[in-house]
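Trainee: Please take me through this model one part at a time. I will ask about the strands, then the helix, then some single residues.

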Amino acid sequence: MASEPPVTPTGPLAVIDHDIFLVAHFTNGTRLPLDADDLVGLLEWTLRSGLHQERLSPQGKDSDPLIVLTPAASAALHLPAHLEDRTALCLPAGHPVLTQLGQAGFLLTRRGFAPWAGIYRPVVNNRRASVHVAVMAWGALSQDGWNLPPLPPSDLARLLGTYAARLLTPSGSTAVCGVRLMTALRPPTKATYDPATLKWVSGPNPGALHKPFEPAPPEAPDAHPLAKGRPPEQAMEEEAWDWSRPPDQQETADFPHVVGLDTNMAFIVAASRLSVGRNAPPRHVTTPAFDEKTPGAWYCDLSHAPHDPRLPSPFTATGQPPTKPAWYTTVTLAYAKELNIEVRPIEAYVRDDHGSYLDPWYTRLRDAYLATMADLGVHKDIPQADYLAAMKRLSTADPALLALLAAIKATGKGGLGKLREGPRAPAAPYTRWPALNQPTWRPDIRAAVISRTRVSLHRKMRRMLTETGRGPLAVLSDCVIYPAHQPTALDVVPTGPDQTGIKGLLCLGVNPGFVKEEGVQTMAWYQHQHTQGLNPARYIKAHPDA
């Protein structure tokens, strides 16, 4: 009888388990017993194994391998079952494992030996020797955006391999992965030929973010040094909506139900084809002419804008109409012009170098989301009623696939949050923190994405009001509540000639930017929530039963 062919390590990662000895489980379902009996030996094997992921951009680099340690493996490698320091969340200095690593020439990144650790040796002859380690016993895959169910090592390797194939090799929280996906798709540097030295050297990559920039003063978060002494009204507040209104008498009489509609991948889809500032500092201009093609922050008075009380104002996070001048992104003022509102900025901070930096990031997240939804049995281009039925079955689907879907969505949303990451630990006000030194710390880009999300939803709600006569009752971020005759989203959204909705309105469907049914309740429930001073859109998902 022919013997089994030898197992060759393959893929970007391995899940390491331990029974009698350490065993590596690969993404293709194969497994390989290992000779290593300590962490140094495991790292040496990993560096020889060939585990990696191909670069996501021609200008980028292949990913470092990832090894995921099951609790049994980390115990066998003499790592503690829990981290005692709940503040630093890393192995304390002087731990024998750290001593062992140091003696073998391994170094740790600034975060130390944390649940997600980067372990490396100094570069020799331009060759990297770096490994990412995820310690499951310390919560690496059960917190910070990851919420994977208990899985056998082989299934876990396959699931993480799918995440890597569709996005990138995991290397930290989903938020960390989200921002690293941006730089993997648009690396800050690329190889450039220098005719003077006749050598290839590292040079800036067009379209990427090359170096950190200070924000414009109105864009700076309250803790930022530039915010010191800034009047509150000089801070830009381009945030997501938190708005609700009481139903009028006719709505109360005509509609016994309310339906919540949530936009799929709302903030991620807002990044598509969005022009943002890249590699020039913000330039201050007084009495500028508004240019809707130039990203920036504009100080403008929109208090004269007409307001329909059936809709939230698109110009404020509260949904209340503005009463005085405020700072707005280019996206918001461009929408004001679309509504035929006079736009006359008083001053501005504009960014002369700009482009669609987030385009490939959006595309990869979109494709990962749609592929995973298809795995779950929810497909594109199906009638709205079929989509609604498929989504109602989703809760009974494979928990591992549902966890993968959640991780993909958290990667996108968390990555956008990282663009405005705040201080990790309590610090003196107006003191710089490490995130400010990253090229991807860009609150202006985050503000533009949020602004576009809000504007896009307002445009659809405005068209829905014209088409159906119904206005929203409440909006929280990307969830909107409508009054309904029947307890179903099909009562709210127009069907269209092919039963898949009408372009430009809210449509039920799996596509990013389409909506799903978030929850259904009675009008009496809505009124009770509103009289309690609560936004019903926050709670409609938590109370699915009418």
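Mentor: Two strands pair if DSSP finds at least two bridges between them. Helices (H or I, at least four residues) and strands (E, at least two) are themselves DSSP runs, numbered from the N terminus. The model is predicted: local features need pLDDT of at least 70, side-chain atom pairs count only at pLDDT 80 or more, and totals for chains, interfaces and linings use all residues. Residues are numbered from 1 along each chain as its sequence is written, and side-chain values use heavy atoms, with hydrogens and water left out.

Trainee: In what order do the seven strands of the open sheet lie?

Mentor: The sheet is open and its pairing is mixed. Its edge strands are β3 and β5, each of which pairs on one side only. Read across, the order is β3-β2-β1-β4-β7-β6-β5.

Trainee: Which residue in β7 is the bridge partner of Ile119?

Mentor: Start at the edge: β5 (residues 107-108) pairs with β6 (residues 116-124) in the antiparallel sense over two bridges, and Leu108 has Ile119 of β6 as its bridge partner. β6 then pairs with β7 (residues 127-135), also antiparallel, over seven bridges. In β7, Ile119 is partnered by Val131.

Trainee: Do β4 and β7 pair in the parallel or the antiparallel sense?

Mentor: β4 covers residues 66-69 and is joined to β7 by four bridges. Val68 has Ala134 of β7 as its bridge partner. The sense of the β4 and β7 pairing is parallel.

Trainee: How many residues of β2 are buried?

Mentor: Buried means under 20% relative accessible area, exposed over 50%, and partly exposed in between (1.4 Å probe, protein chains only). In a regular strand the side chains alternate between the two faces of the sheet. In β2, Leu22, Ala24 and Phe26 point one way, Val23 and His25 the other, and all are buried. For the strand, residues 22-26, the count is five of five.

Trainee: Which residue in β3 stands opposite His25?

Mentor: β2 has antiparallel pairings with β1 (residues 13-18), over five bridges, and with β3 (residues 31-33), over three. On the β1 side, a three-residue hairpin makes the connection to β2, and Val15 stands opposite His25. On the β3 side, His25 faces Arg31.

Trainee: What phi does Gly29 take in the hairpin of β2 and β3?

Mentor: That hairpin has four residues between the strands. The phi of Gly29 is positive, near 95°.

Trainee: How far apart are the end C-alpha atoms of α5?

Mentor: The expected span of a helix is 1.5 Å times one less than its number of residues. For the 12 residues of α5 (residues 174-185), this gives 16 Å. The separation in the model agrees, at 16 Å.

Trainee: Which helices are included in what covers the buried residues of α5?

Mentor: Nine of the 12 residues of α5 are buried, so the rest of the structure largely encloses the helix. Among them are Val176, Cys177, Leu181 and Leu185. With contact taken as heavy atoms within 4.5 Å, the cover includes α4 (153-166), α9 (359-375) and α11 (399-418).

Trainee: What is the separation of the C-alpha atoms of Thr87 and Ala425?

Mentor: Thr87 sits in the loop between α2 (71-76) and α3 (96-103). Its relative accessibility is 76%, so Thr87 counts as exposed. Along the chain, Thr87 and Ala425 are 338 residues apart, yet their C-alpha atoms are separated by 8.9 Å.

Trainee: Is Met265 buried or exposed?

Mentor: Most residues other than glycine have a negative phi. Met265 has a positive phi near 50° and lies in the loop between β11 (257-263) and α7 (266-270). Its relative accessibility is 7%, so Met265 counts as buried.

Trainee: What is the relative accessibility of Tyr430?

Mentor: Tyr430 is another residue other than glycine with a positive phi, near 65°. Its loop runs between α11 and α12 (443-468). Tyr430 counts as partly exposed because its relative accessibility is 34%.
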